[in-house]
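User: I would like to go through this structure step by step. Please keep the answers short and show the reasoning.

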Amino acid sequence: MSEPGEYWCDVEYLDSTNLVANGDFSEGNTSFYTNYVLGTGGPWGLLSEEGTYAIGADASDYHNDFSPCLDHTTGDGLYMIVNGDTVHSEFVWCQTVDVEPNTNYFFSSWFTSVHPANPAILSFFINGTVLETVYLNGATCLWENFISDWNSGFNTTAEICILNQNTELGGNDFGIDDIHLLKYCPSSDTIVVEYVPSPVVDLGNDTTLCTGTQMLLSAGEGFESYLWNNGSPNPAVMVNEAGIYWVQVTAESGCVGVDTILIEYAEEINVDLGNDTVACEEQNIVLDAGWGYDQYLWSDGSVLQTTIVTSPGTYWVQVVDDFGCTGGDTILVSFSPAANIDLGRRCHHLFRR
């Protein structure tokens, strides 16, 4: 599901109550009706005649040529052992059960050949309509399962019948066990799915700080919980080192939001106006704060990289780089008076002869 809305699901599950009475033949020869005859004996055993049946545990006990096939359920229970008839349209097994109208049902039964020749061809009917026809495997004692779905429509009863379509005389012998008719029980459920927006957390853009400064990173208020990369559970943390910082917030809805920020530190600004200086009177001194800063401010109000000093005093400069970091320096400039040199008056001496 990727969209909000109302979602529903209808399912059907099988009721565990088997509507077929004595479907596993554990109660013996009861609860069903048949066109076949209960075996009475003969030269090959109790089921010597075609169109006869017995409710027993081992097929070999009822005919000399039958394999020693045991029941499907437990291996030591009872099942219906059949010598297939040569007469067509005789039902082997039938039972009428109560059903609910407009309801789905699940039919299941197990079959095996007890003689390898001419395996039975079995058709399954409910209320006279064929559900399906199954051709049994010639391998004896190999239980095969037949299953089918059936809808009751307007019916309140279901006559379930099994018909052997094979009328061959030789072989055509089989077993029936575990006949079930189970009701499909409808079940449905509905869920309303709503999407709440994921929490938005914004630590801001990646930032370069000035040396010696720190920054408060805030994930915002109102979240259910916080988790920073340093393990802090607080809404905000103070950072004073370069690195990648992240925070994960969880809203009341359980939704999670994350943001990351890169903190870097700019190089330290080092402005050097030189040592305090003594200059000669009437000499001009050029003070240089260095190249590459965004802003300059001198004590004399100049905003250029350099300023000219013509009088003694203390001079300072403040610079700002492109990260907004500041630096500065101060210098004392003194002037000494110029030297007063006097060579005296010029004299002319006259010599007489």
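**Strands, cores and contacts**

Val 320 stands opposite Thr 326 in β23. This is a predicted model.

User: Which residue in the turn between β22 and β23 has a positive phi?

Analyst: β22 (residues 313-320) pairs with β23 (residues 326-336) through 8 bridges, and the two run antiparallel. They form a hairpin with 5 residues between them. In that turn, a positive phi of about 85 degrees belongs to Gly 324.

User: What is the bridge partner of Leu 297 in β22?

Analyst: β22 also pairs with strand β20 (residues 295-298). That pairing is antiparallel, over 4 bridges. Within it, Leu 297 is matched in β22 with Gln 318.

User: How many of the 10 residues of β6 are buried?

Analyst: Strand β6 covers residues 104-113. It pairs with β9 in the antiparallel sense over 8 bridges. It is also joined to β11 (residues 173-193), again antiparallel, by 8 bridges. The strand is mostly covered, and its buried residues number 8.

User: Which residue of β11 is the bridge partner of Ser 108?

Analyst: Take the two pairings of β6 in turn. In β9, Phe 106 has Asp 149 as its bridge partner. In β11, the partner of Ser 108 is His 180.

User: Which element gives the most residues to the largest nonpolar core?

Analyst: The largest nonpolar core has 30 residues, and Met 80, Trp 93 and Ile 176 touch the most other members. Several elements give two or more residues to this core, including β3 (52-56), β4 (79-83), β5 (91-98) and β6. The biggest share, 4 residues, comes from β11.

User: How many residues are in the other core, apart from this one?

Analyst: Nonpolar side chains tend to be buried together in soluble globular proteins. Here a second core lies apart from the largest one. Among its members are Leu 273, Ala 279, Leu 287 and Ile 331. Its residue count is 20.

User: Is Phe 174 buried or exposed?

Analyst: Phe 174 lies in strand β11. Leaving out residues up to four places away in sequence, Phe 174 touches Met 80, Val 92, Leu 122 and Leu 136, among others. Its relative accessibility is 0%, and the cut-off for buried is under 20%. Therefore Phe 174 counts as buried.

User: How far apart are the C-alpha atoms of Phe 174 and Pro 116?

Analyst: Along the chain, Phe 174 and Pro 116 are 58 residues apart. In space, their C-alpha atoms are separated by 9.4 Å.

User: Where is Phe 25, a residue in contact with Ile 176?

Analyst: Ile 176 has contacts beyond its neighbours within four places in sequence, including Phe 25, Met 80 and Trp 110. Phe 25 has a positive phi of about 60 degrees, although it is not a glycine. Phe 25 counts as buried because its relative accessibility is 0%. Its place is in the loop between β1 (5-14) and β2 (37-38).

User: What is the relative accessibility of Asp 178?

Analyst: Asp 178 is found in strand β11. It is a residue other than glycine, yet its phi is positive, near 50 degrees. It counts as buried, at a relative accessibility of 6%.

User: Which residue meets Lys 183 in a salt bridge?

Analyst: The count of salt bridges comes to 1. It runs from N to O over 3.0 Å. Lys 183 lies in strand β11 and its partner in the loop between β5 and β6, so the pair ties together parts 83 residues apart in sequence. The partner is partly exposed, with a relative accessible area of 41%, and its name is Glu 100.

User: Which residues, leaving aside neighbours within four places in sequence, are in contact with Gly 153?

Analyst: Gly 153 sits in the loop between β9 (144-151) and β10 (157-164). Thr 103 is 50 residues away in sequence, but 6.9 Å away in space, C-alpha to C-alpha. The contacts of Gly 153 are Pro 101 and Asn 102.

User: What is the area of the nonpolar surface patch that includes Trp 246?

Analyst: Trp 246 is found in strand β16 (residues 243-250). It counts as partly exposed because its relative accessibility is 33%. Trp 246 makes the patch together with Leu 227, Val 256 and Val 258. The area is about 320 Å².

Terms used: Residues numbered from 1 in each chain as written. Predicted model: local features only at pLDDT ≥ 70, side-chain atom pairs only at ≥ 80, totals over all residues. Heavy atoms only, no water. Patch = residues over 30% accessible without salt bridge, like charges linked within 9 Å, V, L, I, M, F, W, Y side chains within 5 Å. Areas by Shrake-Rupley, 256 points an atom, 1.4 Å probe, with all protein chains shown as cover. Salt bridge = Lys/Arg side-chain N within 4 Å of Asp/Glu carboxyl O. Buried < 20%, exposed > 50% of the residue type's maximum accessible area, 1.4 Å probe, protein only. Contact = heavy atoms within 4.5 Å. Pairing = 2+ DSSP bridges. Core = buried A, V, L, I, M, F, W, Y, C linked by side-chain atoms within 4.5 Å.
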